[in-house]
Amino acid sequence: FPVTIRQVNPYTDRLNYCSAPMNNIGYCKAVERLLGVTIPPKAMAMRIILAELSRVIDHIIAVGTDGVDLGALTAFFHLFTYRERVYTLFEKLCGARLTVSMTRIGGMAQDTPDGWIQDVQDFCKEMRAGIDEISSMLLGNKIFIKRTQGVAPVKAADAIAWGYTGPMLRASGVGLDLRKTSPYYGYDGLEFDVPVGTNGDIYDRYLVRIEEMRQSIRIIEQVCRNFPDGDYTIRDKGIVLPEKKDVYGNIEGLMNHFMLVIKGLRPPAGEVYDATEVANGELGFYLVSDGSANPYRLKVRPPCFAVYQSFPTVVKGWMIADAIATVASMNLIAGELDR
């Protein structure tokens, strides 16, 4: 049987599995745009927190494992302590750690448990200190600097021509960030900076990612301080499944669940392209609906695919060891390369 629009959601986890919630958010946002619905403020706040936590742990992968590729093993183990802390937050929120599928079309799967927002704030304090510590361990290391500074630079014009987005593009001096240029979920009301590099080399890519971690913590703390009340999802019976207590507790809820599962979510016929700023750049979904429960066409625009095409040219003329350092700095995730 063909996959329905609702059933696509868990598959998006597998794109960039290092920051899976961001993929769920991007897909649901595209479907919601096609449906013409606006999610509640609480759902927006939850999505921002999940997205920025995911950005932090994705950059932890980039900085930590790339350090391993250059021989710096200690930084990897140190940083993964913080990544595990975020996984624990995910687990407390929804029961899953890696591929969470917490976001739903119309909002979120469930509300935050008691004390979760405070747990997030506690983590932010720890992570802020951790970022400073890792900066001194790597960015001030003489060997690390020699292996990265001035190595395999990419000019701004070349980065644009190859379709770079995210930290790779910003490291080359282009300050494009969809959270600023096309703000969504209230990002335009939050205070944060977009770090931009100057040389476009491996060193700048690390600098940008480490500073982005600081800015993500800054964003999370602002949202937590002003976390909204209200519902975590819209209550449209043609879009959102009823809660389990209603499914098992009354005939209306049971029938609503039955009809929505059997008939499926049916957006109006049309097409939409919607993009979000994920950890590695612009994640876009082009969705075409013919009015049925199945997507007529769904095309994903992942950031890593555009970056990887440049690799043979970027490393040309450098040492083989520099090629290892370069591919590490690109933070390529295979889930986005298998087309």
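Mentor: Let's settle one thing up front: Lys and Arg count as positive, Asp and Glu as negative, while His and the chain ends are left out. The place of a charge is NZ of Lys, CZ of Arg, CG of Asp or CD of Glu. Also, this is a predicted model, where local features need pLDDT of at least 70 and side-chain atom pairs pLDDT 80 or more, while totals for chains, interfaces and linings use all residues. Residues are numbered from 1 along each chain as its sequence is written, and side-chain values use heavy atoms, without hydrogens and water.

Trainee: How far apart do the centres of the positive and negative side chains lie in the protein chain?
Mentor: There are 37 positive side chains and 39 negative ones. The centres of these two sets are separated by 3 Å.

Trainee: What radius of gyration does the protein chain have?
Mentor: The chain holds 15 helices and five strands (DSSP runs, H or I of at least four residues and E of at least two, numbered from the N terminus). For 339 residues the globule rule (2.2 Å times the number of residues to the power 0.38) gives 20 Å. The chain comes close to that, so it is as compact as a globular protein of that length; its radius, taken over C-alpha atoms, is 21 Å.

Trainee: What share of the residues count as buried?
Mentor: Buried means under 20% relative accessible area, exposed over 50% and partly exposed in between, using a 1.4 Å probe and protein chains only. Of the 339 residues, the buried share is 53%.

Trainee: Which helix gives the most to the largest nonpolar core?
Mentor: Such a core is a set of buried Ala, Val, Leu, Ile, Met, Phe, Trp, Tyr and Cys residues joined through side-chain atoms within 4.5 Å. This one has 95 residues, and Ile49, Met127 and Tyr164 touch the most other members. With 13 residues, the top contributor is helix α3 (residues 41-69).

Trainee: Which residues is Met127 in contact with, leaving aside neighbours within four places in sequence?
Mentor: Contact means heavy atoms within 4.5 Å. On that basis, Met127 meets Val56, Ile60, Tyr82, Met213 and Ile217.

Trainee: Where is Ser101, which has a positive phi of about 50°?
Mentor: Most residues other than glycine have a negative phi. Ser101 is not a glycine, yet its phi is positive. Ser101 is buried, at 16% relative accessible area. Its place is the loop between α4 (73-94) and β1 (103-104).

Trainee: Is Tyr185 buried or exposed?
Mentor: Tyr185 sits in the loop between α9 (178-181) and α10 (202-225), and has a positive phi of about 60°. With a relative accessibility of 13%, Tyr185 counts as buried.
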